[in-house]
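Student: I'd like to work through this structure with you, one question at a time. Could we look at it together?

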Amino acid sequence: MLRARNRWAVFISGTGSNLNALIDTRSDVDVALVVSTTPKAYGLVRARRAGIPTLILSNPIDWNALQDELVKFNISRIFLAGFMKIVPKTFVEKWESRMFNVHPSLLPAFPGLKSIQRAFEEKKPIGVTVHGVIPEMDAGPHVLQRKVVMGELENFEALEFCVHLSEHRLVRESVRICRREAI
Ligand code: GRF
C-alpha cells in the first residue's frame with residue numbers, strides 16, 4: 001500500500017492535461033483528491049472517469065474549509081496543475097515544502113500569465129519548471145526545469161504543444177522525485 005506521504009491533492013482550474021499526466025503515475029503516486037475552482041473544469045471529468053473524489057471550491061475560496069477537507073482526505077502533498085487562483089500566505093505556510101506548481105517558462109523568467117507567448121515574442125529561451133510553492137507567485141525552489149528546443153520553422157501553436165508535452169513529462173518525473181527523495 002502507498003504510504004501516506006504519497007497522497008496527493010491536485011488543484012486545477014481548466015483542461016486538466018497535467019492532472020491527466022499525474023493520474024498516469026498512479027501505480028506509484030496516489031492522486032487522492034482533485035480540487036477545482038470551477039464546476040466547468042474539464043479536469044473534473046478526467047478525475048471522475050479515473051474514480052478520484054473531487055471537490056469544487058466556493059467563490060471566494062474558504063481556505064480554512066479547504067484545509068479541513070485536505071485533512072479529512074489524509075492528503076500529504078498538493079500539486080497546483082493549472083490552478084488559476086493566488087494561494088494566500090497562511091495556506092502556503094501550512095503546506096511549506098509539500099506544495100508544488102508547474103509553470104510553462106524557465107523561471108524566474110516570465111512568471112504570471114501568457115508565459116509561452118511572451119517568451120516566444122521576445123525570442124527568449126522557452127521551457128518548463130516544477131517548483132516548490134512559496135508565498136511569492138511562480139517562485140520557490142526548483143524540483144525540475146527543462147528547456148524546450150524548437151526547430152527554426154516551428155510556429156507558435158507547435159511550440160505551445162511541445163511545451164505542454166514537456167510539462168506532462170516534468171510533472172510525472174517531479175512526483176516520482178518527491179516520492180523517492182521524500183521531499
Ligand atoms: C498549464 O500550462 C500550466 O502550466 C498553466 O496552466 C496550464 C494548465 O493546463 N499554469 P492543464 O489544465 O493542466 O491542461
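Here are our questions and answers on the sheet, a helix that packs on it, and the ligand site.

Tutor: Bear in mind that this is a predicted model, where local features need pLDDT of at least 70, side-chain atom pairs count only at pLDDT 80 or more, and totals for chains, interfaces and linings use all residues. Residues are numbered from 1 along each chain as its sequence is written, and side-chain values use heavy atoms, with hydrogens and water left out.

Student: Which strands are at the edges of the sheet?

Tutor: Helices (H or I, at least four residues) and strands (E, at least two) are DSSP runs, numbered from the N terminus. Two strands pair if DSSP finds at least two bridges between them. The seven strands make an open, mixed sheet in the order β3-β2-β1-β4-β5-β6-β7. Pairing on one side only marks the edge strands, β3 and β7.

Student: What is the bridge partner of Leu80 in β5?

Tutor: Start from β1 and β4, which pair in the parallel sense over four bridges, with Phe11 partnered by Leu80 in β4. Moving on, β4 and β5 are also parallel, over three bridges. There, the partner of Leu80 is Asn101.

Student: And which residue in β6 stands opposite Asn101?

Tutor: Here β5 (residues 99–103) and β6 (residues 127–132) pair in the antiparallel sense, over four bridges. Opposite Asn101 stands His131.

Student: Why are the buried residues of α2 on the same side?

Tutor: Buried means under 20% relative accessible area with a 1.4 Å probe, protein chains only. In α2 (residues 42–49) that gives Gly43, Leu44, Arg46 and Ala47. They share a side of α2 because their arc, taken from the directions from the helix axis to the C-beta atoms, is only 160°.

Student: What angle does the direction of α2 make with that of β3?

Tutor: Contact means heavy atoms within 4.5 Å, and the buried residues of α2 pack against β1, α1, β2 and β3. Axes are lines fitted to C-alpha atoms, for helices over the stretch in contact, with angles from 0 to 180 degrees between N-to-C directions. For α2 and β3 the angle is about 155°.

Student: How far is a polar side-chain atom of Glu167 from an oxygen atom of the ligand?

Tutor: A polar contact here is a pair of N or O atoms within 3.5 Å. A polar backbone atom of Thr15 is 3.4 Å from a ligand oxygen, and a polar side-chain atom of Ser17 is 2.5 Å from one. For Glu167, the distance is 2.2 Å.

Definitions and conventions: Buried means under 20% relative accessible area, exposed over 50%, partly exposed in between (1.4 Å probe, protein chains only). A polar contact is a pair of N or O atoms within 3.5 Å; within protein, one must be able to donate a hydrogen and the other to accept it, and residues adjacent in sequence count only if both atoms are side-chain atoms.
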